[in-house]
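Student: Could you take me through the metal sites in this one, slowly and in detail? I'd also like to hear about the aromatic pairs and the sheet once the metals are done.

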Amino acid sequence: MPLLGLLTGCSGEMSIMDPSGPAARAQFWVWWAMFGISAVVALTLFALWLFTFRRREQPQRTPREEQRIMLRWVLGGGVLLPVVSIIALLVFAAPTGRGMLPLPLPEGEAERIEVVGHQWWWEIRYPGEEGERDVVTANRLVMPAGEPVDFRLTSADVIHAFWIPRLGGKRDMVPGRYTTIRLAADAPGVFGAQCAEYCGAQHTHMLLHVEALERDDFEAWLTERRSPPEPQEGFDQAREAFGEHCAACHTVDGFPEELIVEDVTHDIQGPNLSDIGSRPTLGAGVLPMDEGAIAYWLQHHQTLKPGNRMPPHNHVGAETLQDIGAWLEALEP
Ligand code: HEC
Ligand SMILES: [Cu+2]
């Protein structure tokens, strides 16, 4: 029964046993090759071990012969077997690694998306061509399906790792350094992703929601966010409070600059909130984005995600936080 329980871990949005892209599929076969080869080696050793229990006449051997036999075992089992198994695995694994490199494509260029790891959330950037704005969002990665995408990775603080189990990976995200990994999704779908390098207390609460869309839907999603923000109306009090308490860490595109009260006592960056109302979760997967969820998050985030880098807002007042929450929920492109 406990084994059956473990098996349920083999399906679902984060399963490497259910690959949905070329890189993950290649890794899936490397996994089976490793499993197969280690099973063969283990079974062979087990058989040999059983063999030693066999009762039989011990032939008379000279010490020299004994030594020669022993040497044969050491060379065969200790050197030859590992070398052959490791080379076999290398032959399997090398093309898999190569498939995730951003090599030139026969035609066109791969879509490029930048991902920055933060304690404990994901910043996602879609660089604009000349003159265009960058589109910046958080904790939700939207990508085109059916084509290679180059993810350019880095970190703002400590080492994180980018891993979308059903598409492939993983790759470290190192502060001050850029690495690129190429992944593709076979078809539109939703995939789970998770930071794969321990990065502090809330490492487990660093989930990323990945959506692969048809090319046209992806373009539409991006264009909506790329166009200049419309002037905001209403929610005057909420926006004023946001300028005072929140805008030093959080960006909202089109937010009037005169409302921003700069607070220079910290260097923490928070997620860009420009399209927060359209995102599926809050706090990197801690809460689903239901009605009222933002206000709830603002009041309880240090209980929901203890130690996260956003200070508590006790001094702001529940009513104001509710106002801000309602305004943020309306922020959709
Ligand atoms: C000192 C910087 C800082 C201040 C000030 C701050 N935040 Fe944050 N905020 C953060 C950080 C860091 C996170 C990410 C927490 C996490 O998920 O680990 C965050 C997360 C959030 C999220 C969730 C975003 C998401 O994508 O899930 C919302 C919404 C939010 N803040 C709103 C606010 C509001 C409203 C205020 C003002 C009342 C505020 N923040 C003040 C740093 C700050
Ligand atoms: Cu981590």
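Tutor: Here is a walk through the two metal sites, followed by the aromatic pairs and the sheet.

Keep in mind that this is a predicted model. Let's start with the iron atom of ligand 1. Its protein donors are NE2 of His250 and SD of Met310, which lie 1.9 to 2.1 Å from the metal. The arrangement around the iron atom of ligand 1 comes out as octahedral, because the six donor atoms subtend angles of 87 to 179 degrees. For reference, the ideal angles for six octahedral donors are 90 or 180 degrees. As for where the two residues come from, His250 belongs to the loop between H5 and S11, while Met310 is in the loop between helix H6 (293–304) and helix H7 (318–329). That puts the two donors 60 residues apart, so to speak a link between distant parts of the chain. His250 and Met310 are both buried.

Now the copper ion (ligand 2). Its protein donors are Cys195 (SG), Glu197 (O), Cys199 (SG) and His203 (ND1), at 2.0 to 2.5 Å. Along the chain, these donors follow the spacing C-x1-E-x1-C-x3-H. The four donor atoms around the copper ion (ligand 2) subtend angles of 91 to 123 degrees, and therefore the site counts as tetrahedral. The ideal value for four tetrahedral donors is 109.5 degrees. Among the copper donors, Cys195 and His203 are buried.

On to the rings. Searching the whole structure turns up 14 aromatic pairs. One of them is Trp122 with Phe162: the ring centres are 6.2 Å apart and the planes meet at 70 degrees, so this pair is edge-to-face. Trp122 sits in strand S2 (residues 121–126) and Phe162 in strand S6 (residues 160–164), so the contact ties together parts that are 40 residues apart in sequence. Trp122 has 0% relative accessibility and therefore counts as buried; Phe162, at 1%, counts as buried too.

Phe242 and Phe255 make another edge-to-face pair, with 5.3 Å centre to centre and 65 degrees between the planes. Here Phe242 is in helix H5 (residues 236–245) and Phe255 is in the loop between H5 and strand S11 (281–282), so the pair ties together parts 13 residues apart in sequence. That loop between H5 and S11 also carries the iron donor His250. Phe242 and Phe255 are both buried.

Elsewhere, ring pairs join Phe28, Trp29, Trp31, Trp32 and Phe35 into a cluster. You also get charges over rings: the charged end of Arg152 sits over the ring of Tyr178, 3.9 Å from its centre, and that of Lys170 sits over the ring of Trp163, 4.6 Å from its centre.

Last, the sheet. It is an open one built from five strands in the order S3-S2-S1-S5-S8, with mixed pairing. Strand S3 (135–138) and strand S8 (179–183) are at the edges with a single partner strand each, so one side of each has no neighbour in the sheet. From one strand to the next, the twist averages 25 degrees. S2, the strand that holds Trp122, runs antiparallel to S3 and is joined to it by four bridges. In one of the places where the two strands meet, Glu123 has Ala138 in S3 as its bridge partner.

Terms used:
Residues numbered from 1 in each chain as written. Chains lettered and ligands numbered in written order. Predicted model: local features only at pLDDT ≥ 70, side-chain atom pairs only at ≥ 80, totals over all residues. Heavy atoms only, no water. Phe/Tyr/Trp six-rings, centres within 6.5 Å; stacked < 30°, edge-to-face > 60°. Buried < 20%, exposed > 50% of the residue type's maximum accessible area, 1.4 Å probe, protein only. Lys NZ or Arg CZ within 6 Å of the ring centre and 35° of its normal. Pairing = 2+ DSSP bridges. Axes fitted to C-alpha atoms, helices over the stretch in contact; angles between N-to-C directions. Donors = N, O, S within 2.8 Å, 3.2 Å for Na, K, Ca; no water. Tetrahedral: all angles 85-135°; square planar, octahedral: opposite > 155°, others 65-115°.
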